[in-house]
Amino acid sequence: MLAIEDVHVYYGAIHALQGISFQVNQGEIVTLIGSNGAGKSTSLKTISGLLRPKQGKIRFNGEELTGMPAQKIVGRGISQVPEGRRIFANMTVSENLDMGAYLRKDKPEIKKDLERIFAIFPRLRERKGQVAGTLSGGEQQMLAMGRALMSKPQLMLLDEPSMGLSPLLVKQIFDIIKDINAQGTTILLVEQNARMALSVATRAYVLETGKITLGGMAQELAASEDVRKAYLGA
Amino acid sequence: MLLKLEHLSKSFGGLKAVADLNIEIGQGELVGLIGPNGAGKTTVFNLLTGVYEPSEGKMIFAGKDVGGLRPYQVTHRGIARTFQNIRLFGDLSVIDNVKIAFHQHAKYSAFSAILRLPSFFRSEDEMESKALALLEVFHLRGRAGEVAKNLPYGEQRRLEIARAMATEPRLLLLDEPAAGMNPQETRGLMELIRWLRDNFQLTILLIEHDMSLVMGVCERIYVLDYGMIIASGTPEEIRTDPKVIEAYLGEEAI
Amino acid sequence: MGHVLREGLQQVVNGLSMGSVYALIALGYTMVYGIVKLINFAHGDVMMIGAYVGWLATSRLHMSFVPALLLAMASCALLGVIIERIAYKPLRNATRVAALITAIGVSLFLEYGNMLVASAQVRSYPPVLPSVSYKVGGVYLQYGAIVIFATTIILMILLTLTVRYTKIGKAMRAASFDKDAALMMGVNVNSTISATFAIGSALAAAAGVLYGAYYNTIDPLMGIIPGLKAFIAAVLGGIGIIPGAVVGGLVLGLTESAVSALGASTWRDAVAFLILILVLILKPSGLFGKNVREKV
Amino acid sequence: AAGNGGGGTIKVGGDLELTGGQAMFGQEAQNGIKMAFDQINAKGGVLGGKKLALDVADNKSDPGEATTAATKLVGDNVVAVIGPMTSSLVAAATPVVTDSKVPLITPSGTNAKLTMAAGGKVQPYIFRPCFIDPFQGQVGAKFALGTLHAKTAAVIVDQKSDYAKGLADTFISNFTAGGGKIVDQEKYASGDKDFTSILTRIKGTNPDLIWLPGYYNDDGLIVKQARDLGMKMPFAGGDGWDDPSLFTIGTPAALNDTYYVDHVANDSPDMVQFVKDYKEKYGHEPNAMSALSYDAANMIINAIQTANSGDPAKITAELDKLTGFKGVTGEITIDPNTHNPQKKAVIKENKNGKGIYLTSVSPS
Amino acid sequence: MKVLNKKNLVILLAVLVVYGGVQAAIAARLIPPFYSVNLMLICVYVILATSLNLINGVTGQFSIGHAGFMAIGAYLSAIVSVKLHGPLGAAILAGGIVSAAVGFLVGLPTLRLKGDYLAITTLGVGQIVQVVFFNTNYVGGAAGFTVPRTVNWTWAFWLTVISVVIIHNFTNSTHGRACISVRENEIAAEAMGINSTKYKVMAFTLGSFLGGLAGGLYANYMYLIQPTTFSFLTSFNILVMVVLGGLGSMTGSIVGAVVMTVLSAYLSQFPEWRMVLTALLLIVVMLFRPSGLLGTKEFNLGFLGKKGESRAA
Ligand SMILES: Nc1ncnc2c1ncn2[C@@H]1O[C@H](COP(=O)(O)OP(=O)(O)OP(=O)(O)O)[C@@H](O)[C@H]1O
Ligand SMILES: Nc1ncnc2c1ncn2[C@@H]1O[C@H](COP(=O)(O)OP(=O)(O)OP(=O)(O)O)[C@@H](O)[C@H]1O
Ligand SMILES: [Mg+2]
Ligand SMILES: [Mg+2]
């Protein structure tokens, strides 16, 4: 479904991604784990078109995405829950969700999806009219996920969705991720919380300073000694 | 008691973010404040540090009411904090970040600075060496000249704590210090927190969602939900408290 | 007694007429500010260009008022988009003050560029707005003032509805807050910002043509003072808030007229600013602004 | 810049309002001066073949810049300076030219004090082809009392303009001395567009005449707005009214029954040729600024020719004793004690979109 | 010892050479008057730009009314020297002090405003000052105030040097760092024990004081001052110098002041094109160097080793 081939990304002189390649297949949950500054967020931003690779190719459902403007890529069915949430703090919760469905025209369907999202995140329904900037961290994370779901994506990119969330919510969020996945959305998940990520993922890749150093089935990686030491804190 | 919060409340419009809160913390204690997202934890910090004014209630620190003070005055009284979303002076060097926090202890006036009187040089030298010593403690000495925003995330978190320490507080408030850290870094942070408390006779109140850290270092924990305390006690008690499990930890306790 | 009352009423009418001119200019100002967060110091000068286009259309091409107005609005919309693309877009990620300086640059460029093209000479509009005044109970009401007032109110309502409820309006607000996040929603940020400038500049042009037709004189520096006054009006009402701009404009006009009515016409600008400062000290984000504190 | 006369040119400085609030004055002046120079250069120049060149410095309509511009021109070794056009800027440039002993002719600086130094002595280097403000105010008052039979008057003055204040002051003193009464005085700042508030105040006092000594672009608007407020009394003012666009700014109908003091009538035989040449060269009608600047330039040419020298000191001496100089704005004789010209003024009446000669007044 | 290190000695030497050189040239009548006016203007604008930089660049506030403080200094010094027949030094100092007092009174309530709201307020203060002088006949009203020229190169130059040293020494101290921290993040600065209001007002007052000094210099050199000279366009002009040089960089402000003054003098030969070219230049510089010619960096004498205030290794 999504294929990344030898992608290089630079921030000025900084070579942030040094030729990474990986794939995400239809229906999978794939996770990218790695320490701070490894380039996880950079990978996601490159896929969603916010960054331009200097070299390499990105293909989605056979179509070349490289060079396509970010707003078009959303239309192709990829949506992103960015690191740090990036909700529209000056708009209300409802308006944020509306923005998620910006490219959609199927009004009744949108309405249904909104209900579905309120069912997943009841807190959002409670805070419908609140200006999003005053939500607590966790509420904002829920909003960011809800907003991304509103575009009805085929592939959802999640950047550290568990950051700053309470243990219960972390669990819930991962349950939701599994749910969303079960309902047919493919997921590419970036996480610091490798333990959780590996427990829900089908496959996983390890990213270290801009390079993919390991890749395989999530369970295998979770069992590997190196990974346990470096990322699972065991 | 170093800190006593009595019937502390804060509402935003109709929303009661903090409701009739009572907390007591003794000198030298290391206390955790946990609770679901939106429970009002950060709001408690904001009240304590003068960012928000309480709607009701009292905050007694070291025997004196700190309600209604401006943030800098609270800092002068001996309360320092870090922020949930890092707020370093991003474009300044690491050492300048720390020196700024020494400001209240500088011993010369703007006038002496302009005239470059001897007191200026004396005090500047002193601040420089104190800042370097502090950076040493936080393993940041080698980074002293770097621009703060270029540091890796984990080091930025540490610098924020170092900077807060430079105000020479009696009470340190840490808001999710481990957020965005990997397990290894978190372990390092745990040691650092313990070490700080022991070496500076510091009292620490920390907010954190990473249970390994909270359970690992805190002696006592308050659990907040909807602005109210739903439980308090030792990590052991909290871990097994059914209310806490239901509201916060989730079924399979860690 | 009745005489004093009539004079007072006349002054209120004078103030409202003047104020609705400020309000009309302030609308575009505040709208661009609200979305792009740029004090577009060139706004008054876009208005001036609009006035010149309207003048060319009516006096040289002998078009009638409405077509001339539309032509001016269309050309200024284009001008606004061009200015944004060339002078502001590259600075989106730079400091705000850099963009402000560029805006000052654009403003000077339009003023003195037009002076090169059209000379410094004062031009006057052909009588496109009937120079009629109605006498109602001893108070004179200008036809032109009524047109301006009505236009201002209608545009205010349209603009508020657009920004608040339409898709493009929401896209504008989203892009205004976080461009990358808006991109992730599928918003074409560049065209959204272009649209903002196009609308803002078209409004400026409308104001320019009405201003030119109402006060009858236009010159290359005509935009400076109204631009400044509109800025005051916008801030007074709470910058970025559309109805605020209108109220701010009217308050400003009434204030100026009151000061003049009291025989202190030379203190008018000082009093206007003084009131602005006092309002801001009491209400730091303007009359209609919400005092949003940064969440820590 | 090479020294003067070196390449067969004589440089005359222009300290002019090319940008800023009074940009139009400077630009009209520049046209007038250039035309004078072009004409003499076409006839073979002065002093046996030397061409006249205008060295312009923009004073941006700002006094500080006027000083700077004068300093630059003097540094360029000009033999004389023309401009600034407005009184306050002339005052700012005066110390510079005086220090350097270069004569300065201000075509339209009408403030009385300009040519007078402290202690009642004449400013040795400052000259002008125009009559002074007190004279206009005096003429205006005489006209108001005598011809218009006004008993009461209101005055509207441009607060920012020394010129307008000068005209207002002498009008007021002469009008009251002649038995009239000033019922209201209002102020505005040039560039204002909305005068309804002050007009509403004046309306309440119902004067026989409004003395409005401002510039045409304000005058036109003020009169029009007054008429729109139902005010029907006559207006009168000074030479600042003189510009064809007065009637497009205010409507011809509104401007009926308004009068102004001027340097010259459009249909004066002296002007006809000038108006024609000017229109041909620049495509629009000249105004008083262009005509006065044209005369100023010719006064310098005349001085160079009679002195037979490009030496600023000699030019100054010639200007000092200029008599019977035939300018397009009238015959000019410089009074050596005041450096003001002795010339006639005319009163024009605006009638259906034209300023028509009404009467003329000679210096008393 | 520290005050007289190698770097400071070199700077002192350079300053003396510039002063002496120009002074000698003036004495020998080598400098045409046009150039000497511009040298004076450079001094005036260097003071104005560096003092505005203290407010806008160092402390991160947003003042666009600096010409107002220049006006106060100019008029007050003119009153002292013309009406009260005071000595020049006293006149200029009085201008600075009154300007500082106004700055303090205005700053105290208004500096809690943020960004654009503060900007319009300062603009307003500048306009009000202008209107007050317009309406005050004691100082000549719109016609202006004639002041004999008593300022010479020595006055202008040393006053500029003193101002720059004051700003430099203030900025490079704990008080200056406090101002910078307010610029960087006001909430964090407060949390570090810094009274942000105090430092904003302090920087604003000091900046107003120096702006007033510059006004005094200007008034006592220019023969005539008028309210219009101190319009918001002058304020913009000063702001442009600061931003062009690099907001936050004192040496940048100096460069900006020099560049803009020289440029304006040069372009006065092409009056019709002058403003258009200036405008284009502004736009182009901002597009290609949005952080100004020097960015936030200080131009320093790198070859002499570390900066005066030693930084950590
Ligand atoms: N805007 C930027 N400019 C310059 N360098 C950047 C920028 N953003 C990221 N980098 C650098 O690129 C590298 C990869 O960053 P990235 O944000 O992708 O890391 P990450 O794996 O997501 O880390 P984290 O866990 O901290 O989110 C890092 O070295 C980072 O410093
Ligand atoms: N300035 C504000 N205006 C309105 N509501 C606010 C404001 N600040 C906080 N709140 C609300 O108060 C509640 C408590 O917020 P707070 O930030 O204290 O939560 P928290 O316990 O720190 O959560 P988290 O763990 O997610 O950071 C939330 O519901 C939030 O939306
Ligand atoms: Mg990341
Ligand atoms: Mg929190």
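**Chain architecture, metal sites and local geometry in the predicted model**

Pro84(D) sits in the loop of chain D that runs between β3 (80-82) and α3 (87-100). The model is predicted. Within this loop, the peptide bond between Gly83(D) and Pro84(D) is cis. Its omega angle is about -5°.

Chain D, which carries this bond, contains 12 helices and 14 strands. The C-alpha trace of chain D spans about 65 × 45 × 35 Å along its principal axes. For 364 residues, a compact globule would have a radius of gyration near 21 Å. The value for chain D is 20 Å, in agreement with that expectation. Buried residues make up 65% of the 364 in chain D. Contacts in chain D with a sequence separation of 6 or more were also examined. Of these, 67% involve residues 24 or more positions apart. The exposed surface of chain D is about 12,000 Å². Carbon and sulfur atoms supply 51% of that surface. Chain D holds 34 positive and 39 negative charges. The mean positions of the two sets lie 2 Å apart.

Chain D makes no contact with chain A. The closest C-alpha atoms of chains A and D are 39 Å apart. Chain B does not touch chain D either. In that pair, the nearest C-alpha atoms are separated by 33 Å.

Chain C has 11 helices and four strands. Its C-alpha trace extends over about 65 × 50 × 35 Å along the principal axes. A compact globule of 296 residues would have a radius of gyration near 19 Å, and chain C agrees with this at 19 Å. In chain C, 63% of the 296 residues count as buried. Contacts between residues at least 6 apart in sequence are mostly long-range in chain C, with 74% joining residues at least 24 apart. The accessible surface of chain C amounts to about 10,400 Å². Carbon and sulfur atoms account for 70% of this area. Chain C has 20 positive and 10 negative charges. Their mean positions are 9 Å apart.

Two magnesium sites were examined, one with donors in chain A and one with donors in chain B. In the first, the magnesium ion (ligand 3) is coordinated by OG of Ser41(A) and by two OE contacts from Glu83(A). The distances run from 1.8 to 2.6 Å. Ser41(A) belongs to helix α1 (residues 40-47) of chain A, while Glu83(A) lies in the loop between β6 (78-81) and α3 (93-100). The pair thus links distant parts of the chain, 42 residues apart. Ser41(A) has a relative accessible area of 14%, which makes this residue buried because the cut-off is under 20%. Glu83(A), at 32%, counts as partly exposed.

In the second site, Thr42(B) (OG1) and Gln84(B) (OE1) coordinate the magnesium ion (ligand 4) at 1.9 to 2.2 Å. Thr42(B) is in helix α1 (residues 41-48) of chain B and Gln84(B) is in the loop between β6 (79-81) and α3 (94-101), so the pair ties together parts of chain B that are 42 residues apart in sequence. Thr42(B) is buried, at 13% relative accessible area. Gln84(B) is partly exposed, at 23%.

Two non-glycine residues have positive phi, one in chain A and one in chain B. Lys152(A) has phi near 55°. This residue occupies the loop between α6 (137-149) and β7 (155-159) of chain A. Its relative accessible area of 43% makes Lys152(A) partly exposed. For His139(B), phi is about 55°. His139(B) is placed in the loop between α5 (118-137) and α6 (153-166) of chain B. With 63% relative accessibility, His139(B) counts as exposed.

Leu123(E) lies in helix α5 (residues 115-134) of chain E. At 1% relative accessibility, Leu123(E) is buried. Leaving aside residues up to four places away in sequence, Leu123(E) touches Ile64(E), Gly65(E), Phe232(E) and Phe236(E). Leu123(E) also touches Leu228(C) and Phe273(C). His66(E) is 57 residues from Leu123(E) in sequence. The C-alpha atoms of His66(E) and Leu123(E) are 8.1 Å apart.

Technical notes. Residues are numbered from 1 along each chain as its sequence is written. Chains are lettered from A and ligands numbered from 1 in the order in which they are written. This is a predicted model: local features need pLDDT of at least 70, side-chain atom pairs count only at pLDDT 80 or more; totals for chains, interfaces and linings use all residues. Side-chain values use heavy atoms; hydrogens and water are left out. Helices (H or I, at least four residues) and strands (E, at least two) are DSSP runs, numbered from the N terminus. The radius of gyration is taken over C-alpha atoms; the globule rule is 2.2 Å times the number of residues to the power 0.38. Buried means under 20% relative accessible area, exposed over 50%, partly exposed in between (1.4 Å probe, protein chains only). Contact means heavy atoms within 4.5 Å. Accessible areas come from the Shrake-Rupley method with a 1.4 Å probe; for residues, only the protein chains shown count as cover. Lys and Arg count as positive and Asp and Glu as negative; His and the chain ends are not counted. The place of a charge is taken as NZ of Lys, CZ of Arg, CG of Asp or CD of Glu. Donors are N, O and S atoms within 2.8 Å of the metal (3.2 Å for Na, K and Ca); water is not among the atoms, so sites may look incomplete.
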